[in-house]
Amino acid sequence: MDDTAGQANFDALMAADSRVEPRDWMPEAYRRTLVRQISQHAHSEIIGMQPEANWITRAPSLRRKAILMAKVQDEAGHGLYLYSAAETLGTPRDEMMEALIAGKARYSSIFNYPAVSWADMGAIGWLVDGAAICNQVPLCRASYGPYARAMVRICKEESFHQRQGFEILLELSRGSAVQKQMAQDAVNRWYAPSLMMFGPPDDDSPNSLQSMAWNIKRFSNDELRSRFVGMMVEQVEVLGLTLPDDQIRFNEETKKWEHGPLDWNEFKDVLAGHGPCNAQRLERRRSAHDDGAWVREAAAAYAAKQQAAVAA
Amino acid sequence: MSESATRITPGNALRPEDIADRVHDGTAKPSDEVAEYALWLGDDALILAQRLGHWISRAPELEEDVALGNIALDQLGHARSFLSYAGGAWGKSEDDLAYFRDEPQFRSAHLVEQPNGDFAVTIARQFVLSHYQFELYRRLLDSADPMLAAIAAKAVKEVDYHRDHSSQWMLRLALGTDESRRRVEAAVKLIWPYLAELFEDHPLVDALPGIAVRPSELRPAFDAVTGAVLAEAQLEIPSVPSASGGGRNGRHSEHLGYLLAEMQVLARQHPGASW
Ligand SMILES: [Fe+2]
Ligand SMILES: [Fe+2]
C-alpha cells in the first residue's frame, strides 16, 4: 500500500473509531508517539516495582507479604505485556531497556519518591495504582490494537492492586494511634505526586490534542485528574483519613471536582532528575540488567546449541 | 454436618486461612510432635520464600522476576499452611510463629538460610531444595495425619514446577557459556555441603511413625533424579565435606539472624498490632 492509500485507510479507521493493527500502514508520527508512550508506560511498571519491593522482606504479616509479592510480580508482568505491545511497532525490547538504563527514556516521575514506611504500601496501592486505573481504563479503547488489548489485561489486575492498598490503609487507620498517624503521613506525602501522574495542566500539554485526534487519549489530563479527585474524596471518608488539600470542592457549574494548586516546578525538577530517588532507581535497574547479562547470554547460547543439535 | 463435609481430602486444596479456622474451632489440633514436624517443613519454606522474595525487581530478566516471584509465593503459601497448623498446638498464629520466635526456636535447615549469591547459587540451592521437597511431599500424601497430607497435596504440584524450573536452569547454565559453566560449578560446590542435613534422621521422626517421612528414605530417589539432571548438564557431584547442620535442633547458620532481623523488624516494633 502506498502512502496515499495508506493514509486514506488510516484516516478511515480514525473516523470510524476502529483499531489500527501492526500490519496496517500508519503515519510515522503516530508510530513514534506510540512507541514513546508504550515504552514509557512499560518502564514505569518496571521502575515502579522498586519502592514496593523495598518492603517485601519486611511486610508485617505473612498474609500481607504474600499479597505484596503477588502485586509486585504483577507489575513485572505488566511490563512484559507492554514491551511486547511496543515491539509490534518495530522497536525491540533490548533497545527500549538500553534507553531506560542509559537515562534516555522517561518513566512516571512518582516512582522517584521513596517508600519509607509500611503505610506507603497502602498509599501507593490506593493513590498511585488508583490514578493509574483512571488513566488506563480509557486506554483500553486506544486506537492501536495491541496497546488496547494489553491495557485490558492490565486493568483487570490493577483493581486488585488498588483494593489491597486501600485495605492496608484501612487496617492502619483502625489500628493504634501510631499506625493511624503512619497512614495519614503516607497519604500526605503521596497525594500531590499522584495527582501529577495525569501530566501537566491542559494548557501546558502540547501533545495531548494530537493524541486525542489519534484516538489514543480519550480524556484530557485535567479531566482525568478531576475525576480521580472525586473518587478519592469519597474513599478517604471511609478510610477515616484526610487529603492534604483544603481547597477540594465540587464545582456545581462545571460539575467537576477542583483541587488546590500543585507544585509543577517540583514535578519538572523531579522529571529532570532532581527527585530523591532518581539515581537510585536507575542504578538498581542498571545493576539488575548488568548482573544478569551472563545469565541471558547463557540462555541464548544454550538455546542456540539445542537448535543446532536438532538441525544436525 | 455429615462426616464427609469435614473430612480433609488431599484433592481439596486448603488455604492457610482455612487451616487457621480449623485450628481455631478445634477440628484440627496437632500433637506437640506433629506441630514440631510441621515447623521443620514450614520454616524451610518460609526462609526460602524470604530469600527468593529479595530477587523480585532484581532478576536477570523480567521473566525471572515473574518466575522467582511465583516460586517465592508458592513457598510462602506452604509455609503459612504448615505454620498455621503447627500453631494449633500452642494457641499461636502463623504470624506469632514467623515474627515472634528467636533464632533457636526456628527449625529451618542451613541450606535455605544460605544467601542468594549470584543467580547460579540461587538456582543450585533451589535445585536441591525443590527436588528434596518434591520427594518429601509426594510421600507425605500418605501421612496418617490428614492435615499434613492435605497441605502436601497442594504443595507437591507446585514444587513439581519448581524442580522443573531449577533443573532447566541447571542445564542452561552448565551448557551455556564458559562463564555460566564456571559460575554454576562454583555454586554447586558452595551449596553441596548443606545437602546432607536434609536427609539426616532425627528422633522426632521416630516418634511419628506413619505420620512423618523418614528423611534418609528420600535420598535414593533424590540422588537418582538429580543425578540424571547433573549427568545431562555434565556436572560432577563435588567431593566436598558435609557441614554439620543442626537446624532441626535450633542451631543455625550465621546468616539466619540477619534474615530474621529484617523480616521481623516492623512486626516487633508494634507488638499486638493488626495489619
Ligand atoms: Fe501495573
Ligand atoms: Fe499496579
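**Group meeting talk: a two-chain model**

Okay, let's start with chain B: of its 275 residues, 57% count as buried. Before I go further, keep in mind that what you have in front of you is a predicted model.

So what is chain B built from? It has 13 helices and zero strands. If you walk along the sequence, the pattern is simply α-α-α-α-α-α-α-α-α-α-α-α-α.

Next, how does the radius of gyration of chain B fit with a compact globule? For 275 residues, a compact globule would have a value near 19 Å, and chain B comes out at 18 Å, which agrees. If you prefer to think in boxes, the C-alpha atoms of chain B fill one of roughly 60 × 40 × 35 Å, taken along the principal axes.

Now contacts inside chain B. Take the ones with a separation of 6 or more: 81% of those are between residues 24 or more positions apart. On the outside, chain B exposes about 10,900 Å², and carbon and sulfur atoms supply 51% of that. As for charge, chain B carries 26 positive and 41 negative side chains, and the centres of the two sets lie 0 Å apart.

Let me pick one residue in chain B, Tyr161(B). You'll find Tyr161(B) in helix H8, residues 146-175. Is Tyr161(B) buried, partly exposed or exposed? Its relative accessibility is 35%, so Tyr161(B) counts as partly exposed; the buried class stops under 20% and the exposed class begins over 50%. Leaving out residues up to four places away in sequence, Tyr161(B) touches Ala67(B) and Ile71(B). And here's a distance to look at on screen: Tyr161(B) and Phe134(B) are 27 residues apart along the chain, and their C-alpha atoms are separated by 9.6 Å.

Right, over to chain A. Chain A has 13 helices and two strands. Its radius of gyration is 21 Å, close to the 20 Å that the globule rule gives for 312 residues, so chain A is as compact as a globular protein of that length. The box around the C-alpha atoms of chain A is roughly 70 × 50 × 35 Å along the principal axes.

Of the 312 residues in chain A, 55% are buried. Looking at contacts in chain A between residues at least 6 apart in sequence, 76% join residues at least 24 apart. The accessible surface of chain A comes to about 13,700 Å², with 52% belonging to carbon and sulfur atoms. On the charge side, chain A has 35 positive and 41 negative side chains, and the two centres lie 5 Å apart.

There are three residues in chain A I'd like you to click on.

Start with Ala142(A), which is in the loop between helix H6 (119-136) and helix H7 (145-173). With 1% relative accessibility, Ala142(A) counts as buried. What does Ala142(A) touch, not counting residues up to four places away in sequence? The partners are Arg19(A), Tyr147(A), Ala148(A), Asn215(A) and Ile216(A). Then compare the sequence with the space: Ala142(A) and Gln184(A) are 42 residues apart along the chain, and their C-alpha atoms are separated by 36 Å.

One of those partners, Asn215(A), is my second pick. Asn215(A) sits in the loop between helix H9 (208-213) and helix H10 (221-239). Its relative accessibility is 11%, so Asn215(A) counts as buried too. Now look at the backbone: Asn215(A) has a positive phi of about 60°, although it is not a glycine. Why point that out? Because most residues other than glycine have a negative phi.

My third pick is Lys255(A), where phi is also positive, near 60°, and again the residue is not a glycine. Lys255(A) lies in the loop between strand E1 (249-251) and strand E2 (256-258). Here the relative accessible area is 52%, so Lys255(A) is exposed.

Last topic: how do the chains meet? On the chain B side, 49 residues are in contact with 44 residues of chain A. The area buried between chain B and chain A is about 4,000 Å², and carbon and sulfur atoms give 66% of it. Which three residues supply more than any other three of the area that chain B buries against chain A? They are Ser57(B), Leu62(B) and Trp275(B), which supply 20% of that area.

That's my tour, so go ahead and turn the model around yourselves.

Note on methods. Residues numbered from 1 in each chain as written. Chains lettered and ligands numbered in written order. Predicted model: local features only at pLDDT ≥ 70, side-chain atom pairs only at ≥ 80, totals over all residues. Heavy atoms only, no water. Helix = DSSP H or I, 4+ residues; strand = E, 2+ residues; numbered from the N terminus. Rg over C-alpha atoms; globule rule 2.2 N^0.38 Å. Buried < 20%, exposed > 50% of the residue type's maximum accessible area, 1.4 Å probe, protein only. Contact = heavy atoms within 4.5 Å. Areas by Shrake-Rupley, 256 points an atom, 1.4 Å probe, with all protein chains shown as cover. Lys, Arg positive; Asp, Glu negative; His and termini not counted. Charge placed at Lys NZ, Arg CZ, Asp CG, Glu CD. Buried area = accessible area lost by both parts, 1.4 Å probe.
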